[in-house]
Amino acid sequence: MEAGLNDHKESFSRWPSSSNIIFNQAVVEGDLAKIKFLLKYGGKQIAVNENNKQGLTPLQQSCVEGNVKLAMLLLDHGADVEKRDKNGWTALHFAIVAGHCNIVSLLINSCADLTRVDCRGRLPIDLAQTEDMLVLIAKAMENAGFVETARLYLEKLELRSPPLSPSSLQEDSGITDIELNTKMEGFDSKIKTACGIDKNKPASVSQTSCVSVVGSC
């Protein structure tokens, strides 16, 4: 009997609290005043790293929205910069695809892993849609000690084909129904990506200590 009650309690604890639902909605709306209030008075009910109904953490959502102030606030309150979605994307992947250079710089300065591959084996730099974004990340990789890898990308820059459209990139990554310029509407429920790649790195790169990157594109 007691074991059954404990099971029910554990199951119930996995359900998001009403406060956290309000918190996640405030993140989507970019309501900084409400978010600050909930972070201050919501206590343990506010889970900064809990996924919303679209499968994104608050930090990942802020990267999609391009809300740098919100991203800074969440990082100050313990947001996990390396937490991944079901496709293996971290906040850095989302910020790069969305084209928000200021948030990319913020994440790099917060020690985001520049060599964290997604479930398709792609580095964050592989998702860069513009030359400015690619150069920003390549310079950060150089500063972090990945000189050879960064130079390879910079050498290929002149040979790059025109940037992929967001929709074509989503098809390639296995992600659908993302409005990168506005709201995150959700992921295709049919996607069943089994991410077997965790922290594996290409042979030519290895993560070193965090370095500060100044500037944006």
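Asp 118 is buried, with a relative accessible area of 0%. That value, like the others I will give, comes from a predicted model. Asp 118 sits in the loop between α7 and α8. What does its side chain contact? There is a polar contact with the side chain of Trp 89, at 3.2 Å. There is also Arg 122, whose backbone nitrogen lies 2.9 Å from a polar atom of the Asp 118 side chain. Arg 122 appears a second time, since Arg 122 and Asp 118 form a salt bridge with the closest N and O atoms 3.0 Å apart. Both partners of that bridge, Arg 122 and Asp 118, are buried.

On to the charged pairs in general. Side chains of opposite charge can pair when their charged atoms come close. How many salt bridges does the structure hold? The count is three. You have just heard about the one between Arg 122 and Asp 118. Another joins the side chains of Glu 82 and Arg 116, at 3.9 Å from N to O. Glu 82 is in the loop between α5 and α6, while Arg 116 is in the loop between α7 and α8, so this pair ties together parts that are 34 residues apart in sequence. Asp 113 also forms a salt bridge with Arg 116 through their side chains, here at 3.7 Å from N to O.

Are the residues around Arg 116 buried or exposed? Arg 116 itself is buried, at 8% relative accessible area. Asp 113 is buried as well, with 7%, and Glu 82 is buried too. Through shared partners, the salt bridges join Glu 82, Asp 113 and Arg 116 into one network.

Next, the nonpolar side. The largest nonpolar core has 51 residues, and the members that touch the most others are Leu 59, Val 104, Leu 107, Leu 114 and Ile 137. Which helices supply at least two residues each? They are α2 (18-29), α3 (32-41), α4 (58-65), α5 (68-76), α6 (91-98), α7 (101-109), α8 (131-143) and α9 (147-156). Helix α8 gives the largest share, seven residues.

Take Ile 137 as a worked case. Leaving out residues up to four places away in sequence, Ile 137 touches Ile 96, Val 104, Leu 114, Ile 125 and Ala 128. Val 104 and Leu 114 were both in the list of best-connected core members, along with Ile 137.

Met 133 is another residue found in helix α8. Met 133 is buried, with a relative accessible area of 1%. Its C-alpha atom is 6.6 Å from that of Cys 101, although the two residues are 32 apart along the chain.

That brings me to the cysteines. How many disulfides turn up in a search of the whole structure? The search finds zero. Cys 63 is buried, at 0% relative accessible area. Cys 119 has 17% relative accessibility and still counts as buried, because the limit is under 20%.

Last, the annotation. In UniProt, an unreviewed entry places the feature "repeat: ANK" at residues 54-86 and 87-119. What does the model show over those stretches? Residues 54-86 are 52% helix and 0% strand, with the end C-alpha atoms 11 Å apart. Residues 87-119 are likewise 52% helix and 0% strand, and there the end C-alpha atoms are 6 Å apart.

Technical notes: Residues numbered from 1 in each chain as written. Predicted model: local features only at pLDDT ≥ 70, side-chain atom pairs only at ≥ 80, totals over all residues. Heavy atoms only, no water. Disulfide = S-S within 2.5 Å. Buried < 20%, exposed > 50% of the residue type's maximum accessible area, 1.4 Å probe, protein only. Core = buried A, V, L, I, M, F, W, Y, C linked by side-chain atoms within 4.5 Å. Helix = DSSP H or I, 4+ residues; strand = E, 2+ residues; numbered from the N terminus. Contact = heavy atoms within 4.5 Å. Salt bridge = Lys/Arg side-chain N within 4 Å of Asp/Glu carboxyl O. UniProt positions renumbered as here; feature names shortened; annotations may be inferred. Polar contact = N/O pair within 3.5 Å; in protein donor to acceptor, adjacent residues only side chain to side chain.
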